[in-house]
Amino acid sequence: MMKIGIYVALLAIVVASSASANEVYTFDQSQSKIGFKIHHFVGVTPGKFTKFSGKIDIDREHPERSSVTAAIDVRSIDTGILKRDEHLRSAEFFNAAKFPQINFRSRSCKQTGPQSADVIGDITMHGVTRSIVLHVDLTTVPSEVKRTRWSVTTAPLRRSEFGLMFSKTAEAISGIGQEVAIEIEIEATKAR
């Protein structure tokens, strides 16, 4: 009877270990970048968000079960010009007081190569949720160092789809583009 009890206990440990076999990585904000570019007149205006967090949950045996979540602090927008950043945070644009975060939550993952995947999910910005596909490339192989780096691309986002428009006249005069190119590089640290 005691042998059966030991066997059941060992089986419970094995099942518990396999259930938590996923690798979980958390964003290292100091080594990562969430940026954007938008056409302005004949040039391009770059910008970035300096405060964000996120988690990557990797299931190596079933990559399609992997997941990604991220949260960006809208107030941390930085285009290098304080007055412009204040306008972007205002009620006339991002309305950071009412919508303080941009959130992403994956719905599915599809492996597209040995170190690449398409992550399909929802982005919520300015109170509007839209489906988005992130094309993710692993640029460093996870190792005993427990750090990994990811390059992420996606189709440009249209500002009007998220209600990020202000005066049509002012926009026409200033020559601000509709499409926003996204630039993401994520370095993440293994949590478990």
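The following conversation works through how several labels applied to this predicted model are reached.

Trainee: How do you know which parts of the predicted model carry the predictor's confidence?

Mentor: The pLDDT averages 85 over the protein, and 84% of the residues score at least 70. Among the elements, strand 6 (residues 77-78) has the highest mean, 98, whereas helix 1 (residues 2-19) has the lowest, 36. Over residues 1-20 the pLDDT is below 50, and this stretch has one contact in the model beyond near neighbours in sequence.

Trainee: Why is Phe36 called buried?

Mentor: Buried requires a relative accessible area under 20%, and Phe36 has 11%, so the label applies. Phe36 lies in strand 2, and, not counting residues up to four places away in sequence, Phe36 touches residues including Thr45, Pro46, Ile77, Val180 and Ile182. Lys48, also among the residues it touches, is twelve residues from Phe36 in sequence, with 6.0 Å between their C-alpha atoms.

Trainee: How many aromatic pairs does a search of the whole structure find, and what makes Phe36 and Phe49 a tilted one?

Mentor: The search finds three aromatic pairs. In the pair of Phe36 and Phe49 the ring centres are 5.8 Å apart and the planes meet at 50°; because pairing needs centres within 6.5 Å, and because an angle that is neither under 30 degrees nor over 60 counts as tilted, the description follows. The pair links distant parts of the chain, with Phe36 in strand 2 (residues 33-40) and Phe49 in strand 3 (residues 43-49), 13 residues apart. Phe49, at 8% relative accessibility, also counts as buried.

Trainee: Why is the pair of Phe93 and Phe94 called edge-to-face?

Mentor: The centres of Phe93 and Phe94 lie 5.7 Å apart with 65° between the planes, and since an angle over 60 degrees is the criterion for edge-to-face, that name applies. Phe93 is buried at 7% relative accessible area, and Phe94 is buried at 9%. Ring pairs link Phe36, Phe49, Phe93 and Phe94 into a cluster.

Trainee: Which residues have the most contacts inside the largest nonpolar core?

Mentor: That core has 38 residues, and those with the most contacts inside it are Phe49, Ile56, Phe94, Ile102, Phe104, Trp150 and Ile186. For Phe94, leaving aside its neighbours within four places in sequence, the residues in contact include Phe49, Val74, Leu88, Ile102, Met125 and Leu164.

Trainee: What makes strand 4 largely enclosed by the rest of the structure?

Mentor: Five of the seven residues of strand 4 (residues 52-58) are buried, so the strand is largely enclosed by the rest of the structure.

Trainee: How do you know that strand 4 pairs with strand 5, and in which sense does it do so?

Mentor: Pairing requires at least two bridges, and strand 4 and strand 5 (residues 67-73) have six, so they pair, in the antiparallel sense. One of the bridge partners in strand 5 is Ser67, which is matched with Asp57. Strand 1 (residues 23-27) is likewise joined to strand 4 by four bridges, running antiparallel, and Tyr25 stands opposite Ile56 in strand 4.

Trainee: What makes the approach of the Gln178 side chain to the backbone nitrogen of Ser160 a polar contact?

Mentor: A polar atom of the Gln178 side chain lies 3.1 Å from that nitrogen, and because the cut-off is 3.5 Å, the distance satisfies the criterion. Gln178 lies in strand 12 (residues 176-190), and, leaving aside neighbours within four places in sequence, Gln178 is in contact with Leu157, Arg158, Arg159, Ser160 and Met165.

Notes. Residues are numbered from 1 along each chain as its sequence is written. This is a predicted model: local features need pLDDT of at least 70, side-chain atom pairs count only at pLDDT 80 or more; totals for chains, interfaces and linings use all residues. Side-chain values use heavy atoms; hydrogens and water are left out. A nonpolar core is a set of buried Ala, Val, Leu, Ile, Met, Phe, Trp, Tyr and Cys residues joined through side-chain atoms within 4.5 Å. Buried means under 20% relative accessible area, exposed over 50%, partly exposed in between (1.4 Å probe, protein chains only). Contact means heavy atoms within 4.5 Å. Rings of Phe, Tyr and Trp (its six-membered ring) pair if their centres lie within 6.5 Å; planes under 30 degrees apart count as stacked, over 60 as edge-to-face and the rest as tilted. Helices (H or I, at least four residues) and strands (E, at least two) are DSSP runs, numbered from the N terminus. pLDDT is the predictor's confidence in each residue, from 0 to 100. A polar contact is a pair of N or O atoms within 3.5 Å; within protein, one must be able to donate a hydrogen and the other to accept it, and residues adjacent in sequence count only if both atoms are side-chain atoms.
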